[in-house]
Amino acid sequence: MHTGNIIRRVLVVEDEWVVRMDLVDELQAAGWTVSEAATGEVALAMLPEGRFDLLVTDIRLPGRLDGWHVAQAFRETFPPAPVIYVSANPDLPHRRVADSVFMDKPCDMVRLLATCEKLAGG
C-alpha cells in the first residue's frame with residue numbers, strides 16, 4: 001500500500017460494471033484516486049479534465065473506440081504515464097503503446113496492484 005502524501009490518479013476504463021467496481025474498489029483501497037469510464041468515448045472526454053498517472057483499460061468496449069484507441073490517446077495526452085491492458089481478448093503486442101503491460105481476465109488483483117505500484121514508481 002502506498003504510504004506517501006502524493007496523490008496518484010488512475011483512469012479505469014471497463015464496460016462490465018461488476019469488474020469495473022472491483023477494480024475501482026481495490027485501487028481506492030490501495031490509495032489511488034480513481035476515475036472511471038464505461039466506454040472509450042467517455043474516457044477520452046475525461047482526459048482534458050484532469051491529470052492521470054496511470055491507465056487501466058479493457059480492450060473490447062462498446063461504441064466506436066476500443067481500449068487500443070483509448071491507450072493511444074491517453075499516452076498522447078500523458079506521455080510518460082503507464083498503461084495496463086486488462087482483457088479476456090487476445091494480446092496484440094503490435095497494437096499496444098510502448099512499455100505497456102497486458103494482463104488476462106479474470107485479473108489477479110494482487111498482481112494488478114503490485115504492477116500499478118511498480119509502474120507508478122511506488
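The radius of gyration is taken over C-alpha atoms, and the rule for a globule is 2.2 Å times the number of residues to the power 0.38. This is a predicted model, in which local features need pLDDT of at least 70 and side-chain atom pairs count only at pLDDT 80 or more, whereas totals for chains, interfaces and linings use all residues. Residues are numbered from 1 along each chain as its sequence is written, and side-chain values use heavy atoms, with hydrogens and water left out.

**Figure 1. Overall view of the chain, with its four helices and five strands.** Helices (H or I, at least four residues) and strands (E, at least two) are DSSP runs, numbered from the N terminus. Along the sequence these elements follow the pattern β-α-β-α-β-α-β-β-α. A compact globule of 122 residues would have a radius of gyration near 14 Å, and the 13 Å of the chain agrees with this. The C-alpha trace spans about 40 × 30 × 25 Å along its principal axes. Of the 122 residues, 46% are buried, where buried means under 20% relative accessible area, exposed over 50% and partly exposed in between (1.4 Å probe, protein chains only). The chain exposes about 6,400 Å², of which carbon and sulfur atoms supply 55%; accessible areas come from the Shrake-Rupley method with a 1.4 Å probe, and for residues only the protein chains shown count as cover. Contact means heavy atoms within 4.5 Å. Of the contacts between residues at least 6 apart in sequence, 55% join residues at least 24 apart.

**Figure 2. Close-up of helix H1, residues 17-29.** The 13 residues of H1 reach 18 Å from the first C-alpha to the last, close to the 18 Å expected at 1.5 Å a residue; the expected span is 1.5 Å times one less than the number of residues. Arg20, Met21, Leu23, Val24 and Leu27 are buried in H1. Seen down the helix axis, the buried residues fall within an arc of 165°, so they line one face of H1; the arc is that of the directions from the helix axis to the C-beta atoms. These buried residues pack against strands S1 (9-13), S2 (33-37) and S3 (54-57) and against helix H4 (109-119). Exposed Val18 and Ala29 are carried on the face of H1 turned away from its buried side.

**Figure 3. Close-up of the residues that follow H1, including alanine 30 in the loop between H1 and S2.** Alanine 30 is buried, with a relative accessible area of 10%. Its C-alpha atom is separated by 12 Å from that of threonine 115, and the two residues are 85 residues apart along the chain. Just after H1, glycine 31 takes a positive phi of about 100°.

**Figure 4. Close-up of threonine 57 in strand S3.** Threonine 57 is buried, with a relative accessible area of 1%. Leaving aside residues up to four places away in sequence, threonine 57 touches Val13, Gly67, Val70, Ile84, Tyr85 and Val86.

**Figure 5. Close-up of phenylalanine 74 in helix H3, residues 67-77.** Phenylalanine 74 is buried, with a relative accessible area of 0%. Residues up to four places away in sequence not being counted, phenylalanine 74 touches Leu47, Phe52, Leu54, Leu55, Ala81, Pro82 and Val83. One of these residues, leucine 55, lies 19 residues from phenylalanine 74 along the chain, and their C-alpha atoms are separated by 7.5 Å.

**Figure 6. Close-up of cysteine 107 and cysteine 116, whose sulfur atoms are 8.4 Å apart.** A disulfide is a pair of cysteine sulfur atoms within 2.5 Å, and by this rule the count of disulfides comes to zero. For the sulfur of cysteine 107, the closest cysteine sulfur is that of cysteine 116, at 8.4 Å, which is too far for a bond. Cysteine 116 is accordingly in no disulfide. Cysteine 116 is also buried, with a relative accessible area of 0%.

**Figure 7. Close-up of backbone features at aspartate 99 and proline 106.** Aspartate 99 lies in the loop between strand S4 (83-87) and S5. Its phi is near 60°, a positive value in a residue other than glycine. Aspartate 99 is exposed, with a relative accessible area of 72%. Proline 106 lies in the loop between strand S5 (101-104) and H4. The peptide bond from lysine 105 to proline 106 is cis, with omega near -5°.
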